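User: I am new to this structure and would like to go through parts of it step by step. Please show it to me before we begin.

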Amino acid sequence: MPSFVIVEKCDGCKALDKTACQHICPNDLMVLNKDLMKAYNREPEMCWECYNCVKICPTQAVEVRGYADFVPLGATVSPLRSSDSIMWTVKFRNGTLKRFKFPIRTTQEGSAVPDGGFATGTDDLKSPVLFSEPASSGMAAIPGLMK
Amino acid sequence: MANFETREVTTDLLIVGGGMAACGAAVEAAYWAKKKGLKVTLVDKAAMDRSGAVAMGLSAINQYVGLKDGQNTLKDYVDYVRNDLMGITREDLVANIARHVDSSVHLFEKWGLPIWKDEKGGYVHEGRWQLMINGESYKVIVAEAAKTALGTENIYERIFITEPIMNDDKCVGAVGFSVRENVFYVFKAKAVLVAMGGAVHVFKPRSSGEGLGRAWYPPWNSGSSAYFTLKAGAEMTCQEVRFIPVRFKDAYGPVGAWFLLFKSRATNGMDENYMETRKGELEKWVPYGKVKPVPANLRNWLMLLDVMDGKGPIFMRTEEAINNIAAAYKEDPAGYKKKMKELETEAWEDFLDMTISQAILWAATNVAPEEAKSEIAAAEPYFIGSHSGASGAWVSGPEDLQTDATKPVYFWGYAHMATVPGIFCAGDASGASIHKFSSGSHAEGRIAAKEAIRYCVDHPEAPAVDAKVVEELKARILKPLDIFAQHSKYSSDPDIHPEYIRPKMFMFRLQKIMDEYAGGVTAQFKTSKAQLQKGMTLLQFLKEDSEKLAAEDLHELMRCWENVQRMWQAEAHVRTILFREETRWPGYYFRTDTPTMKEDWLAFANITWNPKTGEWIPKKVPVLYINDKL
Ligand SMILES: Cc1cc2nc3c(=O)[nH]c(=O)nc-3n(C[C@H](O)[C@H](O)[C@H](O)COP(=O)(O)OP(=O)(O)OC[C@H]3O[C@@H](n4cnc5c(N)ncnc54)[C@H](O)[C@@H]3O)c2cc1C
Ligand code: SF4
Ligand code: SF4
């Protein structure tokens, strides 16, 4: 069932106009059953196990159960994502537990400036030099063919 | 016809797709458009934060040339790419991307992407061209800059783009539909930048049950780029050059860190290293068989020879690699422990950042990589022109990287513009310029966007869209809904009906044809003229039946068109393999009736579908190098 929704934990994103899991799934798989106000994966066999629905759910209602046609039962991999890092808990079939924490970004969410602070080096639309170049390349000029 | 509102959006530059290339295009186009008073609009079928092949994240940036520190030269990169693709490479395009890619990487770092650093503050390399990153939020960060540049009011998410709008031979926009509400979208534009990724599920995947979606390539990229450019009448290139990655078996976890960073070997069921025992085979593929690193497809081939001889399974020797690295710390127990912990973390992060399924599979099978080897295998074929396949549109090179010899063949006015005026391509959408990966796709998006803005300035006339053409497109695109509405009540099971076919079964039919006749997994990647011709016959029936696709709702309507797109990608592929009468990439496909590489095929096999006549026209185009001028 790749991603699945734990009925008890899903609150249908409190009936806001779009649910988080539905908003994020790159393959348009997560949908809300409006009668039950519970989300579900409508095409589990088209799921990439990308975990985006898992990471985004505000109530941690979505989990992933490895593809049943080749993954033995009993393991879980669960993320907890904050604004600057992600913590993974890996539970093995034999009960072994491993935890890993990785940084995910070095700047404040929402702070990415398109030119990255690099000065624009050209006004010429015909030049091959791009808007943040040559500064963002770290070179004095963008190389071309030898004369 | 189904009752859909038509919504029109008029813009100057339309970017279709929201992945790495489109995000690069967005930041660059926004800058130049503002200067010139132009409007830029972007359309994605999903949410840009997590759309495309980088949706899950990545653990490495695979293209970084290191020009500023003199680590490598442009020529080094071009030589590497040409050899990896057995000579079939547009060096002007590869060099163009390579001279801008470091810029994109430096921007990613400023935006907040954590790139690993060594003690001296330099980037940690996975291999010569690859940088290690903590890439869980890679796409989120890159999309953030793109969204800020464009403004959310210029971004349309959850709109599935189907067709180009043509006015004679010129592209004047694109149509699509919302997968959330009954709205048909008409985007009128002076130029369209195509960046809708490559294609998966054209071939039958190894897994066919619940794990069907676990292809190496994400199931949501369905050949939209190839279909769009083909339907516009653009010349396509390298449609035969699919990519088959070797990955950890079944969950397709990445092997790059194991081979490059941990220096692991792969051995067969008899503990033999096929790279050594099969070395002689490389002689048959000279000069490329002799270059270092051995081209990806030849490494595949040596492994496949073992598999075909029944010498599998093939294993990544993780236990050996880890212990080799740790051996240096034998005398220092504390250092040893620390190093082992570090290696373990790196190995798991590699999966958790980009193929979480592999972490689940290892946990579910109690794998301790320091103790036991893990199985690897060749996946199924994919179309991904930005990675190690080369399929895509045939685009113009930049003027300043042409020689006297290349210019008449490779240059027509605007860099990275297709042969159809007004269509620009980047990432998986543009062909013959492999090894762009995430960073190079972003850089190519930027290059193409600047040129597309220049095109809009040079061609200021408003896009002339014929209302009749749009009405016809709308009727055709919504037809699967009409078919379902009209017929579905006839049988007690709406899945099984004599008048129509639903998209899932249509996809299985396509995959079966491709798998068995065009050299998929079942055929052990082998095919021949006779096989391909049989495949073509079956594809023609499928094409006729595509008129009878039925959709119950918007989601299924998208699935219908995704599979039509896959079918077109399939046809371009089969026709081009037929045209190229040799075998050049034995580890990607092997033509048993023409089993060797031929001198006179050191050429591009291009193909064009003529929108007026419906004819497919293959064409041989010379391969011309610029490496001696770099
Ligand atoms: C499993 C895997 C691992 C990889 N590992 C690495 C790595 O470690 N390092 C690295 O540098 N590169 C890696 N790559 C390569 C990298 O991901 C690609 O080169 C890059 O994403 C290509 O960019 P693109 O913009 O062409 O396509 P994508 O990034 O895939 O974007 C395609 C976009 O088009 C949209 N779209 C598709 N169809 C439609 C439609 N009909 N209408 C509207 N929008 C549509 C999608 O939603 C998406 O936004 C990997 C790729 C894969 C698949
Ligand atoms: S995001 Fe979570 S809570 Fe919201 S609908 Fe989805 S599963 Fe339910
Ligand atoms: S894991 Fe990814 S593909 Fe699967 S339902 Fe969740 S978001 Fe969609």
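User: Which residue in the turn between β6(A) and β7(A) has a positive phi?

Analyst: This is a predicted model, in which local features need pLDDT of at least 70, side-chain atom pairs count only at pLDDT 80 or more, and totals for chains, interfaces and linings use all residues. Side-chain values use heavy atoms, without hydrogens and water, residues are numbered from 1 along each chain as its sequence is written, and chains are lettered from A and ligands numbered from 1 in the order written. Strands β6 (residues 85-91) and β7 (residues 97-103) of chain A pair in the antiparallel sense over seven bridges, where strands are DSSP runs of E with at least two residues, numbered from the N terminus, and pairing needs at least two DSSP bridges. The two form a hairpin with five residues between them, and the turn residue with a positive phi, about 95°, is A:G95.

User: Which residue of β7(A) is the bridge partner of A:T89?

Analyst: β6(A) and β7(A) run antiparallel. Within β7(A), the bridge partner of A:T89 is A:R99.

User: Over what arc do the buried residues of α16(B) lie?

Analyst: The buried residues (under 20% relative accessible area, with exposed meaning over 50%, 1.4 Å probe, protein chains only) of α16(B) are B:L532, B:G535, B:M536, B:L539, B:L542 and B:K543. They sit on the same side of the helix, because the directions from the helix axis to their C-beta atoms cover an arc of only 125°.

User: Which exposed residues does the face of α16(B) turned away from its buried side carry?

Analyst: Helix α16 of chain B spans residues 529-545. Its face turned away from the buried side carries the exposed residues B:A530 and B:E544.

Definitions and conventions:
Helices (H or I, at least four residues) and strands (E, at least two) are DSSP runs, numbered from the N terminus. The expected span of a helix is 1.5 Å times one less than its number of residues.
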